[in-house]
Amino acid sequence: MKLPYTFFIHQNHLHLCIIMVFFISYIWSIPIMGYPNLSLSNTRTPRFSGIPSLGFMSRIFDFLKGIIKYFGKGYNKDDTNTTSSNTTKIDVLTPITTREPLSLFKSMNSTLSPLSIHENDLKKPIHTNKFYSNFYLGTQRFPSFLDPYVLTWNYGVYSGIAVAHSDDNQKVFGEGTPPKYFFNPLGVYSATFTAKELENASLTLTSLDQMSVNVIVNPSNCTEKKIEMPLVRGMAYVTGIYTDLTPIFTSVVGFRNIEKKQIDDYYKFKATLHDGKKWLLYVFPKEKSEFNFEIEGVTLKATNGTFNGFIQLAKIPIDNDDAESILDASAGTYATKILLSASVSGNTGSYTFRFETHDYKNNSLLHFAMPHHIVSFDSDTASRKTNLSLPSPTNGLMVAYTGKYWNMLENDLPVNINFFPYSPSAKKPSYSKEALEMIRKAAIDEIAQDFCLQIDPNSYYFSGKVLSKFALLCFSIKNILKNDTLAEECLTKLKDCFMPFVKNSRTYKLVYEKTWFGIVTEQGFVKDKLSDFGASFYNDHHFHYGYLIFTAAIIGYLDKKWIEENKDWVIDLIRDVANPVNDSYFPAFRYFDWFAGHSWSKGLFESGDGKDEESSSEDYNFYFAVKLFGHSINDTVIISRSNLMLAVMKRSLLTYFLYEPSNTVMPKAFLSNYVAGIKFMNKIDHSTYFSPRPECIQGIHMLPLTPISPYIRIPSFVRSEWDNKLASIVDTIEDGWKSILYANLAIIDPKKSYEFFSMNFDKKFLDIGSSLTWYLVYSSAFANSK
């Protein structure tokens with residue numbers, strides 16, 4: 001067999017060749033027998049008996065070929081953006097580690113405590129950035145957004161859980177073309193689950209999970225009587241399980257009339273409200289018994305005394321003749337939790353929602369999916385589509401599907417994107433002599449700067465931007481200019497500035513906070529609560545730590561010994577933001593919302609419009625940084641998980657955050673904003689928290705510009721946004737946002753982008769997180785491509 005590599009044996013490598021010969025001879029001479037102690041943990045395959053598996057033999061040959069390639073004449077240490085040939089299916093939701101956080105993160109309690117969480121759940125890591133946070137924060141009176149329904153804790157004469165839903169014609173749009181914002185009206189509660197006995201009742205939360213929470217409403221002096229409500233993202237029915245209570249439903253809108261029908265062992269009621277909307281109530285007694293509602297003012301009151309069983313509430317969509325029969329067919333069955341699984345094989349990934357359910361007879365589960373779910377469903381899941389749909393507050397029209405699981409496929413994983421500039425056209429980076437000279441001059445100038453002087457002692461966010469900028473400088477010197485001496489100087493300076501972060505010796509240290517279970521800066525505990533953007537209370541960790549992990553990944557790529565010594569620090573930051581499992585120290589995926597397909601920035605701050613996200617690009621920068629860290633430590637699972645999450649984010653962000661004219665999900669009038677601005681669960685505001693300037697609103701969804709940017713910000717989107725939103729303003733900008741916009745232009749017009757950075761460039765156009773060296777590398781990589 002002809003080897004695919006030209007192999008020249010140097011005399012110093014002869015001993016390795018001899019070992020290889022003996023090793024191959026040994027493997028092929030193994031008799032057929034059991035190997036009970038052999039476990040291939042990296043491939044997630046079970047132990048086996050008998051002859052070694054083909055996968056095992058394949059790994060041996062891959063290892064041998066790697067040795068041959070390394071010592072062969074054709075080996076190139078700087079091979080860029082290559083795709084792995086390993087197609088082993090990898091379970092990507094396995095622990096990175098389950099150890100306790102490093103001792104350098106001092107343990108302390110938060111100055112903010114959760115409200116209404118059951119004592120048993122307080123002993124576990126608490127999800128801080130999920131849809132139900134308003135239930136345990138502040139006044140506890142702000143809504144939780146389950147999509148499509150919106151639920152709110154209502155305390156008073158009739159305490160309970162209020163249910164609302166807004167149709168698209170109720171959305172409120174700002175003035176102008178395009179409108180600056182749109183939102184859904186709050187407080188229009190069509191029905192509230194309550195009971196005669198629930199005056200000034202208490203609220204308790206249990207089983208807090210990624211996509212679900214259990215809510216219990218009790219009379220203040222009794223725990224046996226209760227309404228228990230499993231709240232799950234996308235649920236088609238709002239379900240209340242009553243124990244020894246007399247059901248009442250109140251309504252802000254008011255009930256006009258109600259129709260009753262008995263079906264087998266349960267009852268169906270159709271209520272028409274004064275706004276003309278129709279809602280269905282399904283009443284399932286625990287034991288067969290008589291049940292009835294009557295309208296009394298703005299309430300529906302049960303007339304048969306205390307009740308044991310469950311009641312389901314669902315809205316009938318406007319102008320949908322099929323909806324009622326679809327809801328009837330699945331009544332009684334509801335989800336209590338969503339179990340997530342995910343795997344990657346080669347450049348394809350999949351993730352599955354498996355619903356834990358309460359089943360009624362043979363009725364199928366009915367559950368609403370978001371638009372980005374629907375387009376990624378496999379054929380089996382897609383075949384279970386119904387003709388029932390309801391609009392969500394900010395994620396378009398949701399469609400109901402039957403079945404206890406959804407399988408979603410992603411066939412465009414960014415497996416061939418790493419540290420080097422990337423082009424969606426699959427072109428390889430190529431640098432002209434002129435470009436290399438420009439890069440060299442910029443690098444000499446930037447390496448002469450005082451790195452540490454630019455570090456912000458009061459902000460992990462701004463410090464991270466500076467550090468990642470200089471990391472890209474070091475990478476460019478080493479791998480583009482191939483100047484080892486200058487690269488070593490750069491790396492030494494960068495490490496000197498970075499080590500106070502890794503050793504946790506800064507003025508405001510990172511601590512392991514034991515109230516909510518996470519790693520936070522102590523600054524907000526001793527200064528203002530919003531210090532460093534509220535990071536002490538779980539705001540924006542994926543933004544802040546993303547830059548730090550990015551820096552560590554590049555240092556690790558350039559210095560394997562360093563990353564081996566310091567990887568545990570990086571791993572703990574990853575676990576705080578995106579732990580792949582629930583463990584004793586961190587919740588799973590604190591920031592990433594697998595149902596929405598992106599992260600939420602807002603932490604422990606109550607909000608009438610729910611969680612929000614201002615920067616889609618700093619969101620995916622975190623997961624790209626984690627991927628690069630995986631490369632630096634050669635961890636296939638970390639790389640694969642990051643690839644899958646980036647693919648999910650690409651689909652989600654191009655649906656809900658980054659708008660092409662062809663977008664059919666978001667309101668048409670809003671599309672010509674091209675980006676969301678700040679996306680809340682209940683509204684979208686084309687603005688930022690820091691500036692109303694258009695370059696800031698658009699640019700906060702660009703930075704930082706790295707190899708992953710063209711993967712998410714696809715050329716067709718960048719072209720539309722540039723031609724219609726940016727081209728007319730870019731040359732009027734007089735600060736660092738100008739370079740961000742021009743670096744973004746490299747995705748579609750690298751030549752023009754390179755010209756901007758190479759022709760009499762004014763350094764006032766660089767912001768604190770931008771390196772001219774990197775922008776020249778990034779823009780010139782494909783400037784000469786045909």
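Which helices each supply at least two residues of the lining of the largest cavity? I kept this question at the head of the page while going through the predicted model, and I noted that α7 (460–481), α10 (541–558) and α19 (772–780) are the helices that do so.

Entry 1, the count. I looked up the enclosed spaces before anything else, and with a cut-off of 30 Å³ or more I recorded 10 cavities.

Entry 2, the largest cavity. I noted a volume of about 160 Å³ for the largest cavity, and I found 17 residues in its lining, with Pro704, Leu705, Gly769, Ser770 and Tyr775 lying nearest the centre. Returning to the helices, I saw that α7 gives the most to this lining, with 4 residues. I then sorted the lining of the largest cavity by class, which gave 9 nonpolar, 5 polar and 3 charged residues.

Entry 3, the second largest cavity. Here I wrote down about 110 Å³ of space, and I listed 17 lining residues, of which Val150, Ala164, His165, Ser166 and Pro185 lie nearest the centre of the second largest cavity. Which domains does the lining of the second largest cavity draw on, with at least three residues from each? I traced them to domain 1 (105–109 + 116–335) and domain 2 (336–408).

Entry 4, the classes side by side. For the second largest cavity I counted 10 nonpolar and 7 polar residues in the lining, with no charged residues, whereas for the largest cavity I had entered 3 charged residues beside 9 nonpolar and 5 polar ones.

Terms used. Residues numbered from 1 in each chain as written. Predicted model: local features only at pLDDT ≥ 70, side-chain atom pairs only at ≥ 80, totals over all residues. Heavy atoms only, no water. 1 Å grid on protein atoms, 1.4 Å probe; cavity = no way out; pocket = protein on both sides within 12 Å on 5 of 7 lines; lining within 4 Å. Points joined across faces, edges and corners; volume = space filled by probe spheres on them. Nonpolar A, V, L, I, M, F, W, Y, C, P; charged D, E, K, R; others polar. Domains from an automatic or database assignment.
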